[in-house]
Amino acid sequence: MVNQRGSVQRVSGPRSTAGRALRIAFIVPPLLALIILLISVRTPAGPSATVAVAPSFDGPRAAAYARQLADYAPDRAPGTLTGKQAADRVAGSLSEASGETVQRSVFTAPGPRGADVPMENIWVVEQGPSDEAIVVLANRDDVSPGPGLNDNATGTAVIVELARDLSGVERARTLVLASTDGATVGQAGNQRLLEDLRAAGLRPVAVVSLDAIGSRTEVLPIRFAGTGGVRTPELLLRGLEESIASQPAAGEASPASPVTQLLDLIAPVTPAGAQVPFLNAGVAAIQLGDGDGGVGVAAIDEGRLGAVGAAVGSLLVRLDAEPRPSPPSSVYIAVSGRVIPGKAVALLAIALLIG
């Protein structure tokens, strides 16, 4: 409509009213979905915090062992002679530290060049009254020529030191401390370890993997994803976060960014970490740290290694006091100690697509 001065005046009519209604109809579903998502964010409960663990973990001794192993056998690539020598040395160390008989499993799997090579897993069993087992492990192998000081002589050293610290501790479940092979070529050793433990009558219910945990400044990644978006039970993730936070010298440890986790749910990729074969088999599992295969010399921090070792020891004892963790089935995104259920994320994504 044109007024007497020649200006145009807008007149509300059925068309403009319908447009506003249509815009509102498109905005409301995403807003409702966002509200539902915000309401569904929760802080999961970790394992029992009432269990007191004496701070007996010796960081300097663990760091010294890591350096000795890296000097003795810098090239621990699967199938190499020096890799076999490293296995023998770690077997002797685990036997001495725990006072238990060392179990050894030799198997073949594709090596660095694709052809099958011999590999070996080593572990000790601290028998408990139950055949349910809590497993803590670290891969021993690295990428030629090594020396794999941080990745993963540090994880191996923590396993040996934990075998000493937790030997003879009263427990409700069996504890398995393992040094595995083949992590640098597809986690063959961890898959084999699960098979061997089950064949021996043990039922792994929680697995903690340690990989490259002694760096001075790097944020330690937490790997908790399996194939196809499956996630470790929230109790295990929260328990690891709480245990690390209780040791200030352990530094920062966190999962991948929420955006990365979301993209992984939308278009899942093959996940990394020793937790994968266990999660895929229905066993709660998580990994602290992740390395580059051990090539090059990376300095390690005795204080941080000691704090991480103490945190992991505390987590193992707390897990032992808990009921069996739930199966790794729920999908979620972890953000700053909280979790967003996958269903809420999916609802928001659908609402945004509609809008």
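Begin by selecting Ala212, which sits in the loop between β5 (203-210) and β6, where helices (H or I, at least four residues) and strands (E, at least two) are DSSP runs numbered from the N terminus. Ala212 has a positive phi of about 60° although it is not a glycine. Most residues other than glycine have a negative phi, and most peptide bonds are trans. Ala212 counts as buried at 6% relative accessibility, since buried means under 20% relative accessible area, exposed over 50% and partly exposed in between, with a 1.4 Å probe and protein chains only.

The model is predicted, so that local features need pLDDT of at least 70 and side-chain atom pairs count only at pLDDT 80 or more, while totals for chains, interfaces and linings use all residues. Residues are numbered from 1 along each chain as its sequence is written, and side-chain values use heavy atoms, with hydrogens and water left out.

**The whole chain**

With the whole protein chain selected, 10 helices and 10 strands can be displayed, and 52% of its 355 residues count as buried. The chain exposes about 16200 Å², of which carbon and sulfur atoms supply 59%; accessible areas come from the Shrake-Rupley method with a 1.4 Å probe, and for residues only the protein chains shown count as cover. Among the contacts with a separation of 6 or more, residues 24 or more positions apart account for 81%, contact meaning heavy atoms within 4.5 Å.

**The sheet**

Next, select the open sheet of eight strands, whose order is β1-β2-β4-β3-β5-β8-β6-β7 with mixed pairing; two strands pair if DSSP finds at least two bridges between them. Its edge strands are β1 (103-110) and β7 (253-254), each of which pairs on one side only. Within the sheet, pick β6 (residues 220-223) and β8 (residues 284-288), which pair in the antiparallel sense over two bridges, and look for Ile222, which stands opposite Leu288 in β8.

**Helix α3 and Ser95**

Add helix α3 (residues 81-98), which lies across β1, β2 (116-126) and β4 (174-180) and runs at about 5° to β2; axes are lines fitted to C-alpha atoms, for helices over the stretch in contact, and angles run from 0 to 180 degrees between N-to-C directions. In this helix, select Ser95, which is partly exposed with a relative accessible area of 32%. Leaving out residues up to four places away in sequence, Ser95 touches Glu100 and Val102. A distance drawn between the C-alpha atoms of Ser95 and Val124, which are 29 residues apart along the chain, reads 7.5 Å.

**The nonpolar cores**

Which residues touch the most other members of the largest nonpolar core? Select Leu162, Leu210, Leu288 and Leu316, which do so among the 61 residues of that core; a nonpolar core is a set of buried Ala, Val, Leu, Ile, Met, Phe, Trp, Tyr and Cys residues joined through side-chain atoms within 4.5 Å. Helix α9 (residues 302-320) provides the largest share of this core, 10 residues. Apart from it lies another core of 18 residues, among them Trp123, Leu137, Leu202 and Ala285.

Returning to Leu210, and leaving aside its neighbours within four places in sequence, one finds contacts that include Val136, Asn152, Ile159, Leu288 and Val312.

**Cis bonds around helix α4**

Asn152, which is found in helix α4, follows a cis peptide bond from Asp151, with omega near 5°. A second cis bond to inspect joins Ser144 and Pro145, with omega about 10°, and Pro145 lies in the loop between β3 (132-139) and α4 (149-165).

**Gln187**

Then move to Gln187, in the loop between β4 and α5 (188-199), whose phi is near 65°, a positive value in a residue other than glycine. Is Gln187 buried or exposed? Gln187 is buried, with a relative accessible area of 16%.

**Helix α6**

Select helix α6 (residues 234-245), whose 12 residues should span 16 Å at 1.5 Å a residue, in agreement with end C-alpha atoms that are 16 Å apart; the expected span is 1.5 Å times one less than the number of residues. Nine of the 12 residues of α6 are buried, so that the helix is mostly covered, and the buried residues include Glu234, Arg238 and Glu241.

**The last hairpin**

Finish at β9 (residues 332-335) and β10 (residues 338-341), which pair in the antiparallel sense over four bridges and form a hairpin with two residues between them. Ala334 has Val339 in β10 as its bridge partner, and Ser336 in the turn has a positive phi of about 50°.
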